[in-house]
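Please take a moment to look over the chain as a whole before turning to its details. The paragraphs below lead through it one region at a time.

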Amino acid sequence: MMRLLCITILFMTLAGSAYSQETTPPSLKRVKVSAQLGDNITLPCRLWSSDSGSLNVRIHWTKVEDDEAMNEDVLLSMGYHKKTYGSFDGRVFMQNSDSEDASIIITAVSMDDMGKYQCEIMNGIEETVQEVILEVQGGLIDGVVFPYSPPLGRYNLNFNDAVQACEDQDAVIASHEQLLEAWKGGLDWCNAGWLNDGTVQYPITKPRQPCGGSNNGPGLRNYGRQDKKISRFDVFCFASAFKGHLYWLVQPERLTFYEAVQACRDDGAEIAKVGQIFAAWKIEGYDRCDAGWLADGSVRYPISRPRKNCSPTETAVRFVGFPDKTVKSYGVYCYKADQ
């Protein structure tokens, strides 16, 4: 009787141990990888169990933010069906078709790709979750390149006008090296602009017919040196980190341009310039989904966290246009220099 009781207890202990091993989820694995700006990088992820069938495995990659509502889908794979999303569409691929390997390759890495990624693999009732931290080296950490055209419209600046236009926006005309780094960081712009060496170029990350042809690869399209007095183009400006504070001025109602200028003065500041809002957006991550007047008479707003009704697919300083300055339709961005 005693022997039978001992056997029963041993069986129950082993069964309980096996049950615990099957139902306790494995700890989250974390990996850190690093890439140079513009390079391709592999984010590793593998199924922990080799008992898998490729048609039964569901793989979901997500770019994870501190605010869960800001999480961004990267890739979803179910058997032969694969889909990429948003800014990752056309740039992210499965490393291979091995059912145990869920690693992805991100091509043409930009500064916006930096951050935390989560890989989820569902294989029947088994789930594998891994985190990958992507660090990106290089880039214009001390400034930002931005395209600029005046209120008259595109292609209205000779070289001297272009230099002055950048200075008026608290910036300088960009160099070839600065535009190249901005292109590596993801800048795509189909209007040609002056650079400080007198050449006219524009950066393309997504080749298409109206922008140098769809058969040409990504890169800087170069018109070469142009006549500085006669030729008319836009300009690429470079804004450095500033010693001051850019902010949205809370007002009880919308303002005309002239009211916006005065409102900033009344607050002990000045109406912000285009270079200042680009620097605040790129260097400080400034984000505001409200269109506001700037010093050149344009209306823009900076989005560093893409979301519906603001900038659904990419980070950007959104350009509304150069509206009638007498219309009460917008708020204002102000700039206050450090004392």
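What follows is a walk through one helix, one loop glycine and several salt bridges.

The model is a predicted one, and a convenient place to begin is helix 4, which spans residues 257–266. Its buried residues are Phe257, Ala260, Val261, Ala263 and Cys264. Because these residues cover an arc of only 160° around the axis, they lie on the same side of helix 4. On the other side of the helix, Tyr258, Arg265 and Asp266 are exposed. The buried residues of helix 4 pack against three strands, namely strand 17 (270–271), strand 18 and strand 21 (331–337). Just after the helix, Gly268 takes a positive phi of about 75°.

Phe257, one of the buried residues of helix 4, also leads to the next stop, since Gly297 is in contact with Phe257 when neighbours within four places in sequence are left aside. Gly297 sits in the loop that runs between strand 18 (292–293) and strand 19 (299–303). Is Gly297 buried or exposed? Its relative accessible area is 2%, and because buried means under 20%, Gly297 counts as buried. Beyond Phe257, the contacts of Gly297 are with Gly321, Phe322, Pro323 and Lys325. Gly297 and Gly321 are 24 residues apart in sequence, while their C-alpha atoms are 8.7 Å apart in space.

A next theme is that of the salt bridges, of which the whole structure holds 13. One of them joins the side chains of Asp296 and Arg300, at 3.7 Å from N to O, and both Asp296 and Arg300 are buried.

Another salt bridge brings together Asp287 and Arg307, whose side chains meet at 2.7 Å, N to O. This pair links distant parts of the chain, for Asp287 is in the loop between helix 5 (274–284) and strand 18, whereas Arg307 is in the loop between strand 19 and strand 20 (316–321), 20 residues apart. Asp287 has a relative accessibility of 17% and so counts as buried. Asp287 and Arg307 are also linked with Arg305 in a network of salt bridges.

The last pair is Arg30 and Glu131, which form a salt bridge with their closest N and O atoms 3.1 Å apart. Here, too, distant parts of the chain are linked, with Arg30 in strand 1 (residues 29–36) and Glu131 in strand 9 (residues 126–137), 101 residues apart. The surroundings of the two partners can be set side by side: Arg30, at 59% relative accessibility, counts as exposed, whereas Glu131, with a relative accessible area of 10%, is buried.

Notes:
Residues numbered from 1 in each chain as written. Predicted model: local features only at pLDDT ≥ 70, side-chain atom pairs only at ≥ 80, totals over all residues. Heavy atoms only, no water. Helix = DSSP H or I, 4+ residues; strand = E, 2+ residues; numbered from the N terminus. Buried < 20%, exposed > 50% of the residue type's maximum accessible area, 1.4 Å probe, protein only. Contact = heavy atoms within 4.5 Å. Salt bridge = Lys/Arg side-chain N within 4 Å of Asp/Glu carboxyl O. Arc of directions from axis to C-beta.
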